[in-house]
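Notebook open, coffee poured. I wanted to look up a few spots in this structure and jot down what turned up.

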Amino acid sequence: MTFAHPPILETRPLHWPDEAACADFARQLAAQEGLADAFIELRGPLGAGKTTFARHLLRALGVEGRIKSPTFAVMEPYELPGGGQAAHFDFYRFTDPREWLDAGFRDVFAAPGLKLAEWPEQAGGQLPVPDLRVAIEPHDDGSRTVTLQACTPRGVGLLG
C-alpha cells in the first residue's frame with residue numbers, strides 16, 4: 001500500500017555546518033542495526049547535498065571504488081562488504097510515474113537491501129513508505145539544515 005503522505009512518527013532537526021558533519025552523521029547512521037533493509041528518501045533542491053550524503057553513507061558502509069551519481073543511470077547498485085545490497089536511485093529526470101514501473105523498480109524495492117532515493121516525488125506515489133526521510137536545505141554559508149522524519153518503526157530505530 002502506498003501513501004501520498006505517510007505518517008511521521010518522529011522528527012529530528014540537525015545542522016551540518018560543513019561536509020564533515022554530513023560525513024559524521026552518515027557514519028552514525030551506517031552503524032544503526034536496521035539500515036540494511038531500509039528505504040531512505042533524500043529530499044532537497046539541486047545542490048543541496050543529497051548525492052554527497054549518499055556517497056558518505058555508502059562509504060561508511062564499506063563501499064570502495066567510485067560511487068557514481070545515479071542521475072543518468074537512474075539506479076546504481078552496490079554490493080556491501082559482508083553481504084547485502086544497496087541501491088542508489090535518482091528520479092530527477094522522470095516525467096511520468098509509470099517510468100518507475102516500466103523500469104522494473106518494484107522488484108528492486110521488494111528485494112532485501114538498502115534503498116536510497118533522490119527526488120522521490122518524481123515517482124509520483126509509486127514508492128513504498130520510506131523508513132526515513134532526509135530533507136536537506138542548503139544555506140549560502142555552505143551549511144545545511146537537515147530534517148529527519150521517521151515514517152516507520154524502523155525509521156524511528158534509525159534515529160537512535
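Before the loops, a reminder to myself: strands here are DSSP runs of E with at least two residues, helices are runs of H or I with at least four residues, and both are numbered from the N terminus. Also, this is a predicted model.

**Entry: Ser 143**

I started with Ser 143, which sits in the loop between β6 (132-138) and β7 (144-150). Is Ser 143 buried or exposed? Its relative accessibility is 4%, and the cut-off for buried is under 20%, so Ser 143 counts as buried. Next I checked what its side chain does: it makes a polar contact with the side chain of Asp 141, at 2.6 Å. Leaving out residues up to four places away in sequence, I found Ser 143 touching His 15, Trp 16 and Pro 17, plus Glu 137 and Pro 138.

**Entry: Gly 44**

Another loop, this time the one between β2 (39-43) and α2 (50-60), where Gly 44 has its place. Gly 44 comes out as partly exposed, at 22% relative accessibility. Which residues does Gly 44 contact once neighbours within four places in sequence are set aside? I got Lys 50, Trp 119 and Ile 136. I also looked up Glu 118: it is 74 residues from Gly 44 in sequence, yet the C-alpha to C-alpha distance is 8.5 Å.

**Entry: β3 and β4**

In a regular strand, side chains alternate between the two faces of the sheet. So I went through β3 (residues 75-79) face by face. Glu 76 and Tyr 78 make up the covered face, while Met 75, Pro 77 and Glu 79 are on the uncovered one. Strand β3 runs antiparallel to β4 (residues 85-90), and five bridges join them. For Met 75, the bridge partner in β4 is Phe 89. The hairpin of β3 and β4 has five residues between the strands, and Gly 82 takes a positive phi there, near 80 degrees.

**Entry: aromatics**

Phe 89 sent me to the rings. How many aromatic pairs does a search of the whole structure find? It finds nine. One of them is Phe 89 with Phe 91, at 5.4 Å centre to centre and 20 degrees between the planes. Planes under 30 degrees apart count as stacked, so this pair is stacked. Both partners are buried: Phe 89 has a relative accessible area of 0%, and Phe 91 has 0% too. Last note for the page: Phe 89 and Phe 91 belong to one aromatic cluster with Phe 39, Phe 105 and Phe 109.

Terms used:
Residues are numbered from 1 along each chain as its sequence is written. This is a predicted model: local features need pLDDT of at least 70, side-chain atom pairs count only at pLDDT 80 or more; totals for chains, interfaces and linings use all residues. Side-chain values use heavy atoms; hydrogens and water are left out. Rings of Phe, Tyr and Trp (its six-membered ring) pair if their centres lie within 6.5 Å; planes under 30 degrees apart count as stacked, over 60 as edge-to-face and the rest as tilted. Buried means under 20% relative accessible area, exposed over 50%, partly exposed in between (1.4 Å probe, protein chains only). Contact means heavy atoms within 4.5 Å. Two strands pair if DSSP finds at least two bridges between them. A polar contact is a pair of N or O atoms within 3.5 Å; within protein, one must be able to donate a hydrogen and the other to accept it, and residues adjacent in sequence count only if both atoms are side-chain atoms.
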